[in-house]
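Please open the structure in a viewer and keep the selection tool at hand. The tour proceeds by selections, each followed by a description of what is found there.

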Amino acid sequence: MTQQNRTPEGGRIDRGTPVTFTFDGKRYQGFAGDTLASALLANDVHLVGRSFKYHRPRGIVTAGSEEPNALVGVARSRAKHAGGEATPNLRATQVEIHEGLAAESQNRWPSLAFDIGAVNDKLSPLFVAGFYYKTFMWPKSFWNRVYEPFIRAAAGLGKAPTKPDTDTYANTYAHCDVLVAGGGPAGLAAALAAARSGARVILADEQAEFGGSLLHERGAEIEGKPAADWVTDALGELGNNPRVTLLPRTTVFGYFNQNFLALAERVTDHLAEPDPALPRERMWQVRAKEVVLATGAIERPLVFPENDRPGVMMAEAGRIYANRYGVVPGKAIAVATACDSAWRAAFDIAEAGGTIAVIADLRAEPPAALVERAGSLGIPVETSCAVTGVIGKTRVKRVLLGRISDAGVLSAGEVEADCLLMSGGWTPNVSLHSQARGKLDWQADAGAFLPGDPVQAQRSAGSCRGIDGLAEVLADGARAGVAAATAAGHAGEAPSFAATGGDAGGGWWLGAVPHDRDAARVRAFVDFQNDVTAKDVKLAVREGMHSIEHIKRYTTTGMATDQGRLSNMNALSIASGALGNEIPQVGLTTFRQPYTPVTFGTLATTSRGDLFDPVRKTPIHDWAAEQGAAFEDVGLWKRAWYFPKGDEDMHDAVARECRTVRESVGIFDATTLGKIEIVGPDAAEFLNRIYTNPWTKLGVGKLRYGLMLNEAGFIMDDGVVGRLADDRFHVTTTTGGAPRVLAHMEDYLQTEWSDLNVWLTSTTEQWAVIAVQGPKAREAIAPLVDDIDLSGDAFPHMSLREGHVMGGVPCRLFRMSFTGEAGYEINVPPSRARAVWEAVWANVEKLGGCAYGTEAMHVLRAEKGYIIVGQETDGTVTPDDVGMSWAIGKKKPDFVGKRSLARPDLVAEGRKQMVGLLTKDGKTLLEEGAQVTVERSPARGTSALGHVTSSYQSPAAGRPIALAMIAGGRDRIGETLHVPMPNGGIAVEVVQPVFVDPEGSRLNA
Amino acid sequence: MLLISCPWCGVERPEIEFRYGGEAHIDRPAQPADLDDHQWAEFLYMRSNPKGLLAERWRHVHGCGRFFNAVRHTVSDRFVCVYKTGEKCPDLEALAREGAQ
Ligand SMILES: [Zn+2]
């Protein structure tokens, strides 16, 4: 028998289009228009999952996005064919079924009906509030081996997919005058009113169909039409207006500053065979002049023992399933309530052919009209009556009733029922108002927090601000729509919509329901998804949690995917009772983005794979790739790391490259260096103030190493600066530092020294740089240079010439070295760089030279003790710390950072200083970042003297070398220190940080 | 994401075009050497960090590239006004009183 719970007629499903789907491998039938939840309920399937902590059997509770239990994994036909995996943690209440959809329950092993993890339920005393903090504390070593694997295995939301997502996602930006979040009666009225005023409107609703409660409102009429027909007309009007964008299946999940909102549109999940060109989801980033929040209200569960059993549902959900989907979710349905609206659910279900076993109202005197109508429908009514428990484990079998009296709660027998509808009244949905930083006002008579004054250009309308009654809600929406349009610069009058029916009525209940059961043995759940009970909340208070934010974190109540939209008010009420404090004093936790979970694909959209980040390549890149270079990422740049030959590994290749540079010549792509052209009458004075070095006397055609500090006196960048003319300098920066250095210079130039006549221009992309280093460097470039005298006298070390290479290619030729060998850097326009490179390469190859990569460059510079900013320095290092006091222009009255160099901490004894380290055994390569101590095996808690900053196998030294920052390091030269490692301390000798040619004679060769 | 007006370009642009530059109107001393350690530390590190209106520096880094100043409310992130570097700091207390009304 299939669809045994389906009514013979009615609902918005398409009974002419049956749909076959599977749940946990079993085939079921539903109809087009069903959600997975409604189709399962049509087949009398309530048990759909196991809870997070106790693995208790759980059923479908709601009909909306606040669903706490019915989280499923869904494999869609399209993703499945493309090799994709099931998407976990989708709410069955939002998943639209289509032919071939395969859904699976979660949190159970090996099967939903028999779950081994359910032993947690029996061990529940171990899992009380704060159990994470209490149980998993000690000993520390248990964390990795015992606690964490246990928590990971037990913490069972769905499994994350292991393969890359095969779906595509899109992103779009939009602007509008009025964004309306929520397409129920208030939202539709607001959209109509705003659109009629001429505003550009976006109307978004998380459901497949617009209309909200109007889609299941029997008997309500608007403008003389059945409510659902009015919805159709309203959508027709909005759809025909070119200034209106309708976004169904679209959740407004984030409300950010200045009315910037993020929306997730589910584009194809509901389709069996979607157009492959369409994305799975689309992220909308909307800047709205005005926002209308029409997000409705959410029905609140009653907190009674065993309120989590499958078959226990929200009353309004029961009404939605009956009226909208033609599903009566049980053969005998009991209703437990404290408010009028649940009676309406009972009446609608009875009229749809269902059997209502009882209406148990906590109130002594529910409205007489309701009682009368129940009588006419033959529904038994109990007043002052609480549901005190449920018999049945994987499905409600019987419902226990208790009579509330002055003497407490007395048993009032039990009722046979396989479904129990509950309602504690309505909680206005203030999530987005709260995200928009709007305050909330406590309304004691309504037992609800309502939106207070908005901070942003937004207003709430309808039941999300506590308005009740269909006519009132429509009027409120229309007013809000016109007000928003007017604020956005349009004008209009609020339309009025005559409406009858659809009133929710009054009554509400907060907190735990009284009962006559053994309090120690029963559990009444507050937060279904996180398995938090009323007892847990009370225990948290007893254990000293007095703020709701602490209670939330201690118990995890409200931390589930619905962010407590179902649970918060009950938890708050129980906490305030336990604290003996009023609800507003206890406070409400903050609602944050996202409103409902958003899949990572939608957030990433196209920013994945090759499009994740831009890639910068030099003009030499393809040549290096053709030569088989290995590349490394330096910022966004791809840099040639080393050039392996034959079956060389990295170590062999780097050693060969280093030796070749020292013996003959190497060619290196230095294009990624940052370059800034500094021009103007005050250029030299500007450099004087920005760099530690003096620049006034630097001659035209000369280079100087420049060191840059921040105002606190710490090294922030370095590079070689050349003077092209009295008023023109060519500045180089580190590869990663270029934007930061230019910003730093602009900052001082614009905001401190605007009197200086100087212009700064980034020229990083205007010059490719070919470094040629080694004893044969001059030989390698000489045949290509047109008009520059390369002789040592005419063009000594640290000089610069402008000229041409290769018969007319303009060039800035630097004679400089970052290797300790004589060398040149040929700056040419990028368009000619590859040709020049290949010409130089031909000569280098003839001379027995090689191309070398960044790793060899690092080794060569470390052998000379040249620092790399960011490797030897870490933002706390001064010039003196790295032995560079020589770079400071002592006579300059001021430069950025100068005053700070005299601060007490920066001149104190014992600062870390750069030194060299040699391992005593001559063989062991130290690890960069390793700590350095006096003792071989220092006592626990001993502070390190410093750490290793650079460590390489040095071909020139024939042994490993290292640079390190060591407290008082220069005074320790000759001492033996230790580098403690897991396998024992390594003895090292402190040496001068230069390992090759300390006199620098090779530079001038 | 904030919307910020650049007083040089005269346009309103999204926050990603701009870079924050800390509190405004902290002038670098003309003669740093004349300051004692305490005074220099005040200049380097001490900022007002108010809960309320703050005059702060922004740079339209992906636009005109120029620095300007803005008065922003640090709780609501609302921009009260923007003005060019070199122009005087508005009376923040008066602005706060206006905003309260
Ligand atoms: Zn600008």
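Select residues 630-634 and 637-642 of chain A, which are strands β32 and β33 of this chain. In this predicted model, the two strands pair in the antiparallel sense over 5 bridges. Within the pair, E632(A) stands opposite R639(A) of β33(A). The strands form a hairpin with 2 residues between them, and there G635(A) takes a positive phi near 60°.

**The antiparallel sheet**

Next, select β36, β37, β38, β35 and β39 of chain A, in that order. These 5 strands make up an open sheet with antiparallel pairing. Its edges are β36 (703-709) and β39 (759-762) of chain A, each of which pairs on one side only. From one strand to the next, the twist averages 25°.

Within this sheet, narrow the selection to residues 715-725 and 728-733 of chain A, the strands β37 and β38. They run antiparallel and are joined by 4 bridges. One position to display is V721(A), whose bridge partner in β38(A) is V731(A).

**The parallel sheet and its helices**

Move now to another sheet of chain A, with the strand order β17-β24-β18-β19-β20. It is an open sheet of 5 strands, and here the pairing is parallel. The edge strands are β17 (312-314) and β20 (381-382) of chain A, each pairing on one side only. Strand β19 (residues 356-361) of chain A runs parallel to β20(A), and 2 bridges join them. In this pair, A360(A) stands opposite E382(A) of β20(A).

Add helix α9 (residues 341-351) of chain A to the view. This helix packs on the sheet, where it touches β18 (333-337), β19, β20 and β24 of chain A. The direction of helix α9 makes about 170° with that of β19(A). Then add helix α8 (residues 315-325) of chain A, which lies across β17 and β24 (419-423) of chain A. Helix α8 runs at about 85° to β17(A).

**Two backbone details**

Most residues other than glycine have a negative phi, and most peptide bonds are trans. Two places in chain A may be inspected with this in mind. Select Q593(A) and P594(A), which are joined by a cis peptide bond with omega of about -5°. P594(A) is located in the loop between α16 (583-586) and α17 (600-604) of chain A. Then select D44(A), a residue other than glycine with a positive phi, near 65°. D44(A) belongs to the loop between α1 (36-42) and β3 (47-50) of chain A.

**The interface with chain B**

Finally, show both chains. How many residues of chain A are in contact with chain B? There are 26, and they meet 25 residues of chain B. The two chains bury about 2100 Å² between them, 45% of it on carbon and sulfur atoms. In chain A, the residues to select are Q258(A), Q750(A) and R899(A), which lose the most area to chain B and together account for 29% of what that side buries.

The interface holds 5 salt bridges and 18 residue pairs in polar contact. Helix α21 (residues 738-751) of chain A supplies 6 residues, the largest share of the side of chain A that touches chain B. That side divides into 11 nonpolar, 6 polar and 9 charged residues. As a last selection, display D77(B) and R437(A): they form a salt bridge, with the closest N and O atoms 2.9 Å apart.

Note on methods
Residues numbered from 1 in each chain as written. Chains lettered and ligands numbered in written order. Predicted model: local features only at pLDDT ≥ 70, side-chain atom pairs only at ≥ 80, totals over all residues. Heavy atoms only, no water. Contact = heavy atoms within 4.5 Å. Buried area = accessible area lost by both parts, 1.4 Å probe. Salt bridge = Lys/Arg side-chain N within 4 Å of Asp/Glu carboxyl O. Polar contact = N/O pair within 3.5 Å; in protein donor to acceptor, adjacent residues only side chain to side chain. Nonpolar A, V, L, I, M, F, W, Y, C, P; charged D, E, K, R; others polar. Pairing = 2+ DSSP bridges. Axes fitted to C-alpha atoms, helices over the stretch in contact; angles between N-to-C directions.
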